[in-house]
Structure formats: C-alpha cells, structure tokens
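Please open the model in your viewer and keep the sequence beside it. The tour below goes from one selection to the next and says what is to be found at each stop.

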Amino acid sequence: MNHIPEMMRAMVLEAQGEPLQEQTVPVSMPAPEQVLIQIHACGVCRTDLHVLDGDLTDPKLPLILGHEIVGRVAATGANVEGLARGDWVGVPWLGYTDQTCRFCQRGQENLCEQAKFTGYTLDGGYAEYTVAHQRYTFPMPGVTDAAEAAPLLCAGLIGYRSYRLAGDHVERLGLYGFGAAAHIIAQVAVDQGQEVYAFTRPGDDEKQAFARDLGAVWAGGSDVQPPEALDAAIIFAPVGPLVPAALRATIKGGTVVCAGIHMSDIPSFPYRILWEERVLRSVANLTRRDGEEFLRLAPQIPVKTDVHRYPLTEANAALEDLRAGRFTGAAVLVMPSYQQKEDEEGDAL
Ligand SMILES: [Zn+2]
Ligand SMILES: [Zn+2]
C-alpha cells in the first residue's frame, strides 16, 4: 500500500432527488477510535435509493452514500486494537453506537439512541477512502475478491439477522423479493437443509429461474400461494401488500419478518390471518454479533454472490439499474485502485 493521498475521488449526494456528483474531496484522517480504509469495492443497496429519493429524511448533506464497504486498512487511530495496516476489512450500515444508552446496555445496540449509519448520517463507501469506527470494522481475512465480498456487508448481514429472527425449527422458508439479500440467504437456508420458496414480481421469469438455480424448491409470483404452507417468511421487497400475502402463506405459530428499512403502506387485513400466534416483526440494523457470526459462516458454506461491477464514476447508472431491476444479484462499485490491480494481476485476486 502506498502513501495516503490528501484528496480522493467520491460520488457525492448534494441534495436528495438529484443525481450523485463526481467530486474530488479531502481524505479524512482517523480519530483515535477509527481506522482509515482504502476502499476496493462498495455494494449498491436498495437503501441507497431510499436515501437518494428522500424516503429516508435525515441524511447528512453533502453525503457519500454506500454501506457495503470492503477494503484494506490504510492507517489506524491511536486507540485502535486488533486491526493493522493492510488488513482486509468490511464496514456495514451501523457505523457508531454510544454503548451507554439503555438499548446498548441490554444488548440491543442495533437500536442505539445515538446510532450513526454509514452512507446516511456518516460518509460511506462511494469513494476511494473512508474512516470507520473500529467496533464496526469487521476483519475479513479470507477475501479473494473485494467485489464479491461487498454484498455480504448489508444484503448478507441484514439478511442473516432477518433469517435468525425468522425462528428455529423452520423447514419451509419463504423469501419475498429475490434480490441481493434473498440470493445470499437462500444459500444459507439450503445449506441448513431448509426448503426455500422464492417469490418475485409476477412474471419475472428470470429471477424465478435464478432462485431455482440457487436451490429454491419453488419459485413463483408474489400474487400466488406456494404449493406448501410456509413455516416462516422474510419480506425483502419494500412492498406493503406483501405483508398480508406472506401472513396468508404462513402456518400457525410462524413468523413473518419485514427486513427493509422502508416499505410502502400495509393494507388493512383480517385479524384471522394473524391469529394462531403468527408473529409479524421488523428488523432494524445489525449488531456486532450478527457481523461476526455471519462473516464467519459465509465462507464456510461458502456463499457465492452474483455481482454486477460498475466503476465508481458509474454509481448513478448502478442505482438506476437497481431501481429498474435490470440485473439479478447485486450491483457493486469497484474503485480505480482495485481495477488497476485486477488489470495487473488478471482475475487471480
Ligand atoms: Zn443496505
Ligand atoms: Zn446506545
């Protein structure tokens, strides 16, 4: 790793509702608890669209989006322990907690009252460098391809927390919305011996075939009932009417998890589809434990991600392709430094 430059390229959100702007901005130096990371790849998440569009209303501005960061430590603050220059690391959506509020004290740091979020209330990864708090900088020692690893940091982590909260004893798991998160969690569920039922937009044959390729026993439109009742379901699509649909498909005692940070309104539904101890719940953010568990589990399975690479400067195109559903799997921005390395070393990285 070379010297740290004073300036870097970044894609910057100046105002919600406007495209990102390519800018040259200063590289931040790490505070005592922070690490400076040279970013190699950053995933593009649906939440980035919610920030861009104004569905999430409190971003810092100007803002560097992006919370699926993979790179290497370039420098460490004075109080950082266990991370050293050159280490491969990942940075997720949750970027800071105070560790003192009542939620942190009872192990719910994901609900911290002073929480800050990467690529929303903190600058994120659509840039060549970033600083991150050491508590939310996860070691990723086995990374062989930064782009393929990036979706694990949100699609994987939030997906994993949703999967964990869907409950034990699940034999038949429904996944509503088969994008980046579902394509990762389907592999985890299949590895655990569960049957996966994948629901896509009606008529999306490509995504249904993609789900079957990843081991789903059934794939169909979200407007139809699955051939077997589900033990649990996770809703990844930000579509409120999927809530009553998933409750109808789920047996008594089953859990329906809403994984997204934003969802359109849920239509009213009859009480009987919730009765018999069905549980409807949301998932917010992640804990350090989720990160440690999932990033240990993913290489053991091993989870394979299907990624679509864009240069950093094509971030707007990546976001619009995600919005339009133009690819299967996950979009990832690849930084100039890493692209150059790939050119030098072929695809062996
Ligand atoms: Zn995300
Ligand atoms: Zn707290």
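Begin by selecting L175 and I235, which touch the most other members of the largest nonpolar core, a set of 110 residues. A nonpolar core here is a set of buried Ala, Val, Leu, Ile, Met, Phe, Trp, Tyr and Cys residues joined through C-beta atoms within 7 Å. A residue counts as buried if 20 or more other C-beta atoms lie within 10 Å of its own, as exposed if 12 or fewer do, and as partly exposed in between, with the C-beta atoms placed from the backbone. Helix 5 (residues 180-191) gives the most to this core, with eight residues; helices (H or I, at least four residues) and strands (E, at least two) are DSSP runs, numbered from the N terminus. Because domain 1 (7-152 + 306-345) and domain 2 (157-282) both give residues to the core, it lies between them.

A word on what you are viewing: this is a predicted model, in which local features need pLDDT of at least 70 and side-chain atom pairs count only at pLDDT 80 or more, while totals for chains, interfaces and linings use all residues. Residues are numbered from 1 along each chain as its sequence is written, and chains are lettered from A and ligands numbered from 1 in the order in which they are written.

Stay with I235 and show its surroundings: leaving aside its neighbours within four places in sequence, I235 is in contact with Y176, G177, L242, V243, A246, V256, V257, C258 and A259. Two residues are in contact if their C-beta atoms, placed from the backbone, lie within 7 Å.

Next, select helix 7 (residues 242-249), which is mostly covered, since six of its eight residues are buried. Which residues of helix 7 are buried? They are L242, V243, A245, A246, L247 and A249. These buried residues pack against strand 11 (172-176), strand 14 (230-235), strand 15 (250-258) and strand 16 (279-282).

From A249 you can step to P226, whose contacts, apart from neighbours within four places in sequence, are G174, Y197, W218 and A249. P226 sits in the loop between strand 13 (218-221) and strand 14, and it is partly exposed, with 19 other C-beta atoms within 10 Å. If you draw a distance from P226 to A198, the C-alpha atoms are 9.0 Å apart in space, although the two residues are 28 residues apart in sequence.

Now move to Y163, which has its place in helix 4 (residues 155-165). Is Y163 buried or exposed? Y163 is buried, because 27 other C-beta atoms lie within 10 Å. Not counting residues up to four places away in sequence, Y163 touches I185, V188, A189 and I234. One of these, V188, is 25 residues from Y163 in sequence and 9.0 Å from it in space, C-alpha to C-alpha.

For the next stop, colour the chain by domain, using bounds that come from an automatic or database domain assignment. That assignment gives domain 1 (7-152 + 306-345) and domain 2 (157-282), and their C-alpha centres lie 27 Å apart. Where they meet, 12 residues of domain 1 are in contact with 10 residues of domain 2. Helix 1 (residues 46-53) gives the most to the side of domain 1 that touches domain 2, with three residues.

Within domain 1, select strands 2, 1 and 4, three strands that form an open sheet in the order 2-1-4 with antiparallel pairing; two strands pair if DSSP finds at least two bridges between them. Strand 2 and strand 4 are the edge strands, each pairing on one side only. Strand 1 (residues 7-13) pairs with strand 2 (residues 21-26) over six bridges, and with strand 4 (residues 63-64) over two bridges. V12 is a useful residue to centre on, as V12 stands opposite Q21 in strand 2 and has I64 as its bridge partner in strand 4. Elsewhere along the pairing, A10 stands opposite Q23 in strand 2.

Finally, zoom out to the whole chain, which has 10 helices and 18 strands. Its C-alpha atoms fill a box of roughly 60 × 45 × 40 Å, taken along the principal axes. Buried residues make up 48% of the 349 residues, and residues 24 or more positions apart account for 68% of the contacts with a separation of 6 or more.
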